[in-house]
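Here is a short tour of one sheet, the helices beside it and the nonpolar cores. Have the viewer open and follow along.

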Amino acid sequence: MKKTYEYRAYPTTKQRQLFTVWLALLRSIYNQALAWRIEAYQTAGLTVKWTTQANALPDLKQASEAFAGLHSDVLQDAMRRLDKAYKAFFRRAQNGEAPGFPRFKGEGRYRSMTFSHLSKHLVRNVRRKFAKVVVPKIGHLKIRYHRPLPDGKIRNLTILKRASGWYVTICVEVPDPIEVHVHTTIGVDVGLNSFAVDSDGEHIPNPRHYRQAEKRLAKHQRILSRRKKGSKRRAKQREIVARCHQRIANQRKDFQFKAAHRIVERCDEVAVENLTITNMLKNHYLAKSISDAGWGSFRLKLQSKAASAGKQFTKVKPHHTSQKCSGCNEIVPKTVSDRLHDCPHCGLVIDRDHNAAINIKKAAVALRGGVSVVNDPEIPRQGTEARNSVRPVGRTLQTSPVPSGRGN
């Protein structure tokens, strides 16, 4: 399997200038290749393949001094990216999704370059938390080497420009982990009131990173709107706004990775709902909150963590997971505002999300051919006293207070 490691880079002034020039040239060649494909199809109905465009790169390097200084890897990678965009366009068109035809890259829209032919000793001069990587035609690039690379074949190296600076990502092929036999399964239900609730009753509070930073972000965006277009002050303010967005993304990424790790280490199989999040975002009342939670990225992190540990990751159909009673399998209709599952058939009173998580676990066990679920909910005593005394119970990963919000 392949794993990618990211490190903060500290290029010299000369290296930064060279990186900036290279990215501008790569953006230009990407746009030229896209125009070539469009013109060939419109005039002659022909499809230009990426190999045809890649074979034309040597002639381009001979004809232009600017392109002659670029490494062949980054030029070929630009052609691969365009071909990947075309394949994704045709795949979405065939599946009835919004196609999204490949677009020309504007200034600042091409922010990374990938090298595939690297030195065997890529990382050198390791001193405490710093080291240097050997970049073709660039030389030694200083990085913060906060974690060592595992033993394995290095596939590629990518230099990426972000709002906060330059970064290096290194893709390493490592041996596949030993597959773990499934003994325990945890179902995970994502929401907005609580970010996630598992079948063991553990609640993960929703941090609402974007909501917390919304006022600060709005302030910087108002300042940006007052800056004159094309001015240096506007360019500086645009970088400030971009850093605010990156900080929010980093907070969300860090939180989701830690939450996924804690869930995966407690079981042999993780089960989630196969939600169609794009359709859920059409609800304009909840779209911002759903985007802020980042359910899709959290699902990918759970899958990645499970694969790295040799554990199973299962997606189940989301139909009636919230409406079905986990005790007697009867349908108990609820609205979005109903946060408690109160079954009139068997008397089960339980938190709505906990009930859904248990149903997700049962569906995953059924798909695997299992016949039993370890943590079936206990049915409390009947009567008004039992219903009034039941509260959503569960451990939390964070103890800081979280403001209430709409739940699913």
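## The sheet and its surroundings

Val188 stands opposite Val272, a residue of strand 11. Four bridges link strand 8 (residues 185–190) with strand 11 (residues 269–273), and the two run parallel. Strands here are DSSP runs of E with at least two residues, helices are runs of H or I with at least four, and both are numbered from the N terminus; two strands pair if DSSP finds at least two bridges between them.

This is a predicted model, so to speak of local features pLDDT must be at least 70, side-chain atom pairs count only at pLDDT 80 or more, and totals for chains, interfaces and linings use all residues. Residues are numbered from 1 along each chain as its sequence is written, and side-chain values use heavy atoms, leaving out hydrogens and water.

Two helices pack on the sheet, with contact meaning heavy atoms within 4.5 Å. Angles run from 0 to 180 degrees between N-to-C directions, with axes fitted to C-alpha atoms, for helices over the stretch in contact.

| Helix | Strands touched | Direction angle |
|---|---|---|
| Helix 7 (residues 232–264) | 8, 9, 10, 11 | about 170° with strand 10 |
| Helix 10 (residues 295–308) | 8, 9, 11, 12 | about 145° with strand 12 |

The sheet itself is open, with five strands in the order 10-9-8-11-12 and mixed pairing. Strand 10 (203–205) and strand 12 (312–316) are its edges, each pairing on one side only.

Now to the cores: a nonpolar core is a set of buried Ala, Val, Leu, Ile, Met, Phe, Trp, Tyr and Cys residues joined through side-chain atoms within 4.5 Å, where buried means under 20% relative accessible area (1.4 Å probe, protein chains only). The largest has 41 residues, and Met113 is among those with the most contacts inside it. Helix 1 (residues 13–44) gives the most to this core, nine residues. Apart from it lies another core of 25 residues, including Phe195 and Phe313.

How values were computed: Buried means under 20% relative accessible area, exposed over 50%, partly exposed in between (1.4 Å probe, protein chains only).
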